[in-house]
Amino acid sequence: MKLNSMRDSKLSANYCKIRNAEARRFVRKFGGGFRKTACPACASSDTHFEFQKCLFKFMRCNECGTLFISPRPTESMIMEFFRDSAASALWNSKIITKAEAYRRKHVFIPRVEKILTFCSKYHSDMGTLVDVGAGSGIFLEEMLKKRKFASLIAVDTNSICCAACRKRGVDAVQSTFEKSKIRDISVITAFELIEHLFDPLRFLLYCHSSLRDNGMLFITTPNIMGFDLLTLGSLSDNISGPTHLNYFNTSSMRILLERAGFHVLEILTPGKLDVEIIREKALSGVLDLTSQPFLKKIILDGDDKVRKDLQRFLNSHLMSSHLWAVAQKKKSVRKPTNV
């Protein structure tokens, strides 16, 4: 997988520039109404200030290591931001569209295979699969081709995304998941979603209540303790508000899922781009590796095989910045935490 094939570098740089400017205007307009929150993973109030970016304050939980924005905008504020965001429009209309064929081959088709493998491994019921935050529906389109599930449903708040899903032959509901009232679900997928949510626990509690017994939940999200995010910190293009509010790690994601009543089956970090992201930042001058000679030797001076070996090491030791969580609703698990 190649970073520049995932998104055009010039378009991506322009996107970040526009997004950061929008974020600053957003804080100046709504910041007085932001709400302070405890850690979204473990609910601890034992936190410290980590850094500020685009006027958003990023806090670190001293108990579980989760990084999160607090005070944070309310859900209605976030909805307004995305509705009016030129950066989001650029991302969806040009950056994602331009890379659709590559993403389909290297992200969505492997994702379908991975989901089906897990469903087989854990003997999942193949009734209804709901993809929350379905976007344009490429994942569901590829899943539809497999004819494994009795029904597939896309849930997204964006009307354009829902229309795109329907065009691909997938049923779509324009709503937040909590308001969709979909029940008796076999599998829920939520790819790159939970980091955007004002209240992740509330979302997971609804997931738990809407699943059948032994139903499965699949989540992907950034791993804040992964290599590229831990190395770059505030320099990471991934770290931004209000687009992302929560940055979990392998331990804190487990804590959050268990608070919602789930049995955690597996936590993985199968990322492919950590090393390439660091290399790009170093070559562009954003990240200075002169004081880190070992990293410089591997990232800049080493050959491609060394970098690939490093990426495989990160994946196998839960050190990549791309996190997968696989969880299941079981009768034997204690009752979910009340909101």
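What follows is a short dialogue on how terms are applied to this structure.

Visitor: What kind of model is this, and how are residues numbered?

Guide: This is a predicted model, where local features need pLDDT of at least 70, side-chain atom pairs count only at pLDDT 80 or more, and totals for chains, interfaces and linings use all residues. Residues are numbered from 1 along each chain as its sequence is written, and side-chain values use heavy atoms, with hydrogens and water left out.

Visitor: How many helices and strands are there, and what makes a helix or a strand?

Guide: The protein has 14 helices and 11 strands. Both are DSSP runs, numbered from the N terminus: helices are H or I with at least four residues, strands are E with at least two.

Visitor: How do you know whether the radius of gyration agrees or disagrees with that of a compact globule?

Guide: The radius is taken over C-alpha atoms, and the globule rule is 2.2 Å times the number of residues to the power 0.38. With 339 residues, the rule gives a value near 20 Å. The protein has 20 Å, so the two agree. Along the principal axes, the C-alpha atoms fill a box of roughly 55 × 50 × 40 Å.

Visitor: Why is the E266 and K121 pair called a salt bridge?

Guide: The term asks for a side-chain nitrogen of Lys or Arg within 4 Å of a carboxyl oxygen of Asp or Glu. Between E266 and K121 the N to O distance is 2.6 Å, so the pair qualifies. The pair links distant parts of the chain: E266 sits in strand 10 (residues 263-268) and K121 in helix 5 (residues 100-121), 145 residues apart. By this rule the count comes to 20 salt bridges.

Visitor: Is E266 buried or exposed, and how do you know?

Guide: Buried means under 20% relative accessible area, exposed over 50%, and partly exposed in between, with a 1.4 Å probe and protein chains only. E266 has 15%, so E266 counts as buried. K121 has 49%, so K121 is partly exposed.

Visitor: What about D301 and K296?

Guide: Their side chains meet in a salt bridge at 3.3 Å, N to O. D301 has 52% relative accessible area, so D301 is exposed. K296, at 29%, counts as partly exposed.

Visitor: Which residues do shared salt-bridge partners join into one network?

Guide: The network joins E100, R104, E141, E142, K145 and R168. One of its bridges is between R168 and E141, at 2.9 Å, N to O. Both R168 and E141 are buried.

Visitor: What makes a nonpolar core, and how many residues has the largest one?

Guide: A core is a set of buried Ala, Val, Leu, Ile, Met, Phe, Trp, Tyr and Cys residues joined through side-chain atoms within 4.5 Å. The largest one has 38 residues. M253 and F262 are among those with the most contacts inside it. Helix 9 (residues 200-210) supplies the largest share of this core, 6 residues. Apart from it lies another core of 31 residues, among them L3, L116, F118 and I138.

Visitor: Which residues is M253 in contact with, beyond its neighbours within four places in sequence?

Guide: Contact means heavy atoms within 4.5 Å. The partners of M253 are I194, I219, T221, F248, I267, L323 and A325. I267 is in strand 10. I267 is buried, because its relative accessible area is 10%.

Visitor: How many disulfides are there, and how do you know?

Guide: There are 0. A disulfide needs a pair of cysteine sulfur atoms within 2.5 Å. The sulfur of C54 is 9.6 Å from the closest cysteine sulfur, in C16, so that is too far for a bond. C161 is in no disulfide either: the nearest cysteine sulfur, that of C165, is 6.8 Å away.

Visitor: What makes H123 and K181 worth pointing out?

Guide: Most residues other than glycine have a negative phi, and most peptide bonds are trans. H123 is not a glycine, yet its phi is positive, about 55°. K181 is not a glycine either, and its phi is positive, about 60°. H123 is exposed at 70% relative accessibility, and K181 is exposed at 62%.

Visitor: Where are the cis peptide bonds of P71 and P242?

Guide: One joins S70 and P71, with omega about 0°. P71 lies in the loop between strand 3 (67-69) and helix 3 (75-84). The other runs from G241 to P242, with omega near 0°.
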